[in-house]
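User: I keep running into labels like "buried" and "edge-to-face" and I'd like to see where they come from. Can we go through some of them together?

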Amino acid sequence: MAKTNENFALFLDFDGTLVDIVERPDAVAVDPALPKVLTDLQNRLGGALAIISGRPIAFLDGHFVPHAFDIAGLHGLEQRIAGRLSMCDPDEHPALREMVERLSTIVADKEGVLIEDKGCSVAIHWRLAPHEKDFALATARAAVEALGADYRVQHGKAVAEILPSAAGKGKVIERFLHEAPYKGRRPIFIGDDLTDENGFKTVNAHGGLSVRIGGGETIAKMRLGTPADLRRCLSAWATEGSLPFNEDDC
């Protein structure tokens, strides 16, 4: 493990990073030891720890009760920094709300294709029906074409999410880096998916450290094998106070 006294700001994806990927998005489970590890590490970092996820903040908070970490949900459409909460109002996206209803009808006879309504975005999952990948992707593309330039498709692991074009993990990390206690610190972002690549890009541009969990093409500077490997690293960092990534291996 590399010893360092450098001032870091830590940004962590949720699914596939802090927790294992599961077949159904509502079946995710948080390791019981994780909230305390994150709290201890947050204290070591002077508060500069945030979760950056495509999930809604309400969903994430429900898995970390009673802890309320700094957080960005829905790829940055929602955020909380130092207790200041900024939420996305689904009523401001009437065309998207109509599209959610249409998508539910379109996939109704496709067993294993799931619609996850997040309020200000909607995801089409096909992990339970891998043979329906082409159908799901085509459905997402058609939906975005109908919605117009204000929306885009965000691809992930067996999921295509339709969300406002302004959303993106890189953009929200940039916003955090202009706020205390993140401002002036060297960023670290850890993620596992295509949705995290623009976050890696932002962190790399700031001279930070990007870490991808698992395989796949990436611009991240480092890799770890699994979420369990990451949880062990974070626990060691929280306990020992030393950065658990060897940058010489980047």
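User: Why is tryptophan 237 called buried or exposed, whichever of the two applies?

Analyst: One thing up front: this is a predicted model. Tryptophan 237 has a relative accessible area of 5%, and the cut-off for buried is under 20%, so tryptophan 237 counts as buried.

User: What makes the pair of phenylalanine 8 and tryptophan 237 an aromatic pair, and of which kind?

Analyst: Their ring centres are 6.3 Å apart, and rings pair if the centres lie within 6.5 Å. The planes sit at 85°, and over 60 degrees counts as edge-to-face, so that's the name this pair gets. Phenylalanine 8 belongs to strand 1 and tryptophan 237 to helix 7, 229 residues apart along the chain. Phenylalanine 8 has 2% relative accessibility, so it is buried too.

User: What kind of pair do phenylalanine 11 and phenylalanine 176 form?

Analyst: Edge-to-face, with 6.0 Å centre to centre and 85° between the planes. This one joins strand 1 to helix 5, and both phenylalanines are buried. Ring pairs also bring in Tyr182, giving a cluster of Phe11, Phe176 and Tyr182. Over the whole structure, the search finds seven aromatic pairs.

User: How do you know that cysteine 88 and cysteine 120 form a disulfide?

Analyst: Look at the sulfur atoms: they are 2.0 Å apart, and the limit is within 2.5 Å, so the pair qualifies as a disulfide. The two cysteines are 32 residues apart, each in a loop: cysteine 88 between strand 5 and helix 3, cysteine 120 between strand 6 and strand 7. A search of the whole structure turns up one disulfide.

User: And why are cysteine 88 and cysteine 120 called buried or exposed?

Analyst: Cysteine 88 has a relative accessible area of 15% and cysteine 120 has 1%. Buried means under 20%, so both cysteines are buried.

User: Why is strand 11 described as largely enclosed by the rest of the structure?

Analyst: Five of its five residues are buried, so that description follows. Leu209, Val211 and Ile213 point one way, while Ser210 and Arg212 point the other way.

User: What makes strand 10 and strand 11 count as paired?

Analyst: Two strands pair if there are at least two bridges between them. Strand 10 and strand 11 have four, in the parallel sense, so they count as paired. Phenylalanine 189 stands opposite serine 210, for instance. Strand 11 also pairs with strand 12 in the parallel sense, over three bridges, and there arginine 212 has arginine 223 as its bridge partner.

Note on methods
Residues numbered from 1 in each chain as written. Predicted model: local features only at pLDDT ≥ 70, side-chain atom pairs only at ≥ 80, totals over all residues. Heavy atoms only, no water. Buried < 20%, exposed > 50% of the residue type's maximum accessible area, 1.4 Å probe, protein only. Phe/Tyr/Trp six-rings, centres within 6.5 Å; stacked < 30°, edge-to-face > 60°.
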